[in-house]
Amino acid sequence: MVHELPTWFQAVSLSVMLVLLLADLIIVGRRPHVPSVRESGLWVAFYVVLALVFAGILWAVGGQAPAAEFVAGWITEYSLSVDNLFVFVLIMTRFAVPRQYQQRVLMVGIIVALVLRAAFILAGAAVLNRFVWVFYLFGAFLVYTAITLLRGDDDSDEYKENGLIRVLRRVLPLHPQYDDGALRTTVDGKRLFTPMVVVFVAIGSTDVLFALDSIPAIFGLTRDPFIVFTTNLFALMGLRQLYFLLGGLLQRLVYLPYALAVILGFIGIKLVLEAMHENTLPFINHGHHIGWAPAIPIWVSLTVILGSLAVATVASLLRTRRQQARGTR
């Protein structure tokens, strides 16, 4: 449902978040560097605390329901973002991006992703308000995605360039080397683009594919466009620092895809049940609502999300510890 949150609250909240993002971008642009683990940890902690504070304010302003939906959505989007970091690592490795410029690449990619997701959210909200049956499609897609994660069909140890990247390589005059993080450089009097342009496009276009999972997933937890957008915003705000904080730990979270499969599959089933509960399709139950379809409360969703992530994290770390123990023998 769409919650009746005060317009001033939504405007102020979005303004403050966007100012934080812009300030972060300016800082990165003026001082490109490789952040330490301590610096990355402090920033990640700051954004996590900020999200929890926002949830508390949301509770005070709008009540328990929007706050709970925000927390469940934010955790889901954040966990999906962690999985996205695997692909970011592959892109950085594939294009040999110098470590001191990786912050800038991630930040610009995040800004592009935010704009694209905002468009997806507005379009999704408009469609769902008119055609509830779209939940059937969203639910089926999420269940399919969960199955591919369980089967490991999407695993890859190498980044594969998409069609857009291949077109850029043919059309743009590219120089093979980076020039202090600039987008263009001059070689023998000729103005050429650096590989940084291709990296920006790779990060941004890849995030469009990520949105195909994350946007339907968040709409399965809340239909309020404001909450949908803020959950995505908070998940993306801490993504750059999380990239440097986790580092090699990403390779240790071997069971994370299984947790995401459980979460996406659960939300997919939840979407289908909601579509059945509000069914209007004439070829399903003669166009009548299916009253026996249960409505899954948000606390159940939150329990499944947190439980899946906790089990996957603990199991991954235990497996890594056992492997290290065998290696020392």
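In this predicted model, the crossing of H7 and H8 is right-handed. Let's start with that pair and work outward.

**H7 and H8**

The axes of H7 and H8 lie 10 Å apart, and the two helices pack at about 135 degrees. Angles over 145 degrees would count as roughly antiparallel, so at this value H7 is oblique to H8. Who touches whom here? From H7, the residues are Ser-214, Ile-215, Ile-218 and Phe-219, and they meet Val-228, Thr-231 and Asn-232 of H8. Sorted by class, that contact holds four nonpolar and three polar residues, with no charged ones.

**H7 again, this time with H6**

H7 spans residues 195-219, and its other listed partner here is H6, residues 163-171. The axes of H6 and H7 come within 10 Å and cross at roughly 165 degrees. H6 and H7 are therefore roughly antiparallel to each other, and their crossing is right-handed. On the H6 side, Leu-164, Ile-165 and Leu-168 make the contact, while H7 brings Val-198, Val-201, Ala-202 and Ser-205. Six of the residues in this contact are nonpolar, one is polar and none is charged.

**H8 again, this time with H2**

H8 covers residues 225-237, and it also packs against H2, residues 37-62. Their axes are 9 Å apart, at an angle of about 160 degrees. That makes H2 roughly antiparallel to H8, and the crossing of this pair is right-handed too. H2 puts Tyr-47, Leu-50, Ala-51, Phe-54 and Leu-58 against Phe-226, Thr-230, Phe-234 and Met-237 of H8. The class count for this contact is eight nonpolar, one polar and no charged residues.

Here are the three pairs side by side:

| Helix pair | Angle between axes | Axis distance |
|---|---|---|
| H6 and H7 | roughly 165 degrees | within 10 Å |
| H2 and H8 | about 160 degrees | 9 Å |
| H7 and H8 | about 135 degrees | 10 Å |

**The enclosed space**

How many cavities of 30 Å³ or more are there? The count comes to one, and the largest cavity holds about 30 Å³ of space. Its lining is made of Phe-88, Gly-109, Ile-110, Ala-113, Ile-203, Asp-207, Leu-236 and Leu-239. Helix H4 (99-130) and H7 each give at least two of those residues, with H4 holding the largest share at three. So H7 turns up here as well as in the helix contacts above. By class, the lining of the largest cavity has six nonpolar residues, one polar and one charged.

**An open pocket**

The second largest pocket is about 420 Å³ in volume. It is lined by 18 residues, and those closest to its centre are Tyr-78, Ser-79, Val-82, Leu-309 and Thr-313. Three elements give two or more residues to this lining: helix H3 (64-94), helix H9 (239-246) and helix H11 (298-328). Which helix gives the most? That would be H11, with seven residues. The lining of this pocket divides into 15 nonpolar and three polar residues, and none of them is charged.

**A look at Glu-274**

One last residue to click on is Glu-274, which sits in helix H10 (residues 256-277). Leaving out residues up to four places away in sequence, Glu-274 touches Phe-135, Gly-220 and Arg-223. Where is Ile-296 relative to Glu-274? The two are 22 residues apart in sequence, and their C-alpha atoms are 8.6 Å apart in space.

Methods:
Residues numbered from 1 in each chain as written. Predicted model: local features only at pLDDT ≥ 70, side-chain atom pairs only at ≥ 80, totals over all residues. Heavy atoms only, no water. Axes fitted to C-alpha atoms, helices over the stretch in contact; angles between N-to-C directions. Helix = DSSP H or I, 4+ residues; strand = E, 2+ residues; numbered from the N terminus. Parallel < 35°, antiparallel > 145°, perpendicular 65-115°, else oblique. Left-handed = near helix turned anticlockwise from the far one by under 90°. Contact = heavy atoms within 4.5 Å. Nonpolar A, V, L, I, M, F, W, Y, C, P; charged D, E, K, R; others polar. 1 Å grid on protein atoms, 1.4 Å probe; cavity = no way out; pocket = protein on both sides within 12 Å on 5 of 7 lines; lining within 4 Å. Points joined across faces, edges and corners; volume = space filled by probe spheres on them.
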